[in-house]
Amino acid sequence: MGVALGSAGPDGPALGALLPVTRAGIITGFAVMVGVSLLPPLLGPDEGDAPVWAAARRLGLLGAGLAVGSSIGHLLARVDQIAPGAGLRPVLVLRYVATFTVGKALVAAAMAGLAYLILAGRRGFLPRRDAAAGIMIAFVGVLPVSLSGHASHVEADFGGPMVLAMAGHVLGAMCWVGVLTVLAAVLRGYPSALARTLPRYSRFAGGCAALVALTGSLSAAVILTAEAGAETSWTEVLTDPYGLLVLAKLAGLLIVVALGARIRFTFLPGLREGRVGTTVRWILVEVAAMGAVFGIAALLAGASPTL
């Protein structure tokens, strides 16, 4: 689907480079929505947290706007990719959506982001009360786009297990980075709320990291072995551009895990004592590292093994 479209015509000179950027924007936007929706059980009830909920609501709206804009931008970039120089005429966009599954997935993602904007924009919206709806909207929006990426371009039919592995990989990553982004963007200004949330998030992130590592390794192994011939060595597999991206993503995840472990075991005790600044700086470093991993994942979604 997604990668096969790239072979339908030369890359569009203007918008082709936006494909990985807009894909990363889609995942990041929905991840922020998930993070805002997961904040209530991690933060817990406290009557003094009204400013936190207001800030979380604004962040959720920003994430939804990013998801909508990136979905539309990605759709236009794909249309430009298969019809370079033809202009982004509405009829071409409609034909693309009607013809290709990934086009329908991008429309669904944009509609899901718009639904969250309506939900969070109405008077009386509270992240802790509407958390389930926010999570459902985000997952419905992101899964079709994710499953139309690097898990879908392999010719072999892997059936349900491969789809479940990719779904678990995406959802685990979204929960992991989504809450981390909320910690960095919202709770850094509220030390008491951060001190309550970070210990719970640390345990939650460990489970997410294990899920992401397991499902990602399984998916990469299946894709690479399916594309490799019987006489292909592991050296050839791992030095293939796709294999190098997989290794880069794995290295990035290990760095993120190491940063999280450092925060948990080195800075968490100081956070309980009121020393917030150093902890927040390391959380921002971890967010930046996770952003780099998301960028690599976006490149992987548009790549195929060349074995």
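1. Let's start inside: the largest cavity in this predicted model holds about 260 Å³ of space. Sitting closest to its centre are Ile 27, His 169, Val 170, Lys 249 and Ala 297, out of 19 lining residues. The cavity count, for spaces of 30 Å³ or more, comes to 1.

2. Who builds that cavity wall? Four helices each put in at least two residues: H2 (18-43), H7, H10 and H11 (277-301). H11 gives the largest share, with 6 residues.

3. As for chemistry, the cavity lining splits into 14 nonpolar, 3 polar and 2 charged residues. Lys 249 is one of the residues closest to the cavity centre, and Lys counts as charged here.

4. Now for the open space. The largest pocket comes to about 310 Å³ in volume. It has 21 residues along its lining, and Gly 216, Ser 217, Ala 220, Ala 221 and Val 246 are the ones nearest its centre.

5. Which elements give two or more residues to the pocket lining? They are helices H7 (159-185), H8 (191-227), H9 (234-239) and H10 (241-272). H8 makes the largest contribution, at 8 residues. Note that H7 and H10 turn up in the pocket list and also in the cavity list.

6. The pocket lining, sorted by class, has 14 nonpolar, 6 polar and 1 charged residues. If you're checking the polar tally, keep in mind that Gly is counted as polar; Gly 216 is among the residues nearest the pocket centre.

Technical notes:
Residues are numbered from 1 along each chain as its sequence is written. This is a predicted model: local features need pLDDT of at least 70, side-chain atom pairs count only at pLDDT 80 or more; totals for chains, interfaces and linings use all residues. Side-chain values use heavy atoms; hydrogens and water are left out. On a 1 Å grid over the protein atoms alone, a cavity is a set of points where a 1.4 Å probe fits but cannot get out, and a pocket is an open set with protein on both sides within 12 Å along at least five of seven lines; lining residues have an atom within 4 Å of a point. Grid points are joined across faces, edges and corners, and a volume is the space filled by probe spheres set on the points.
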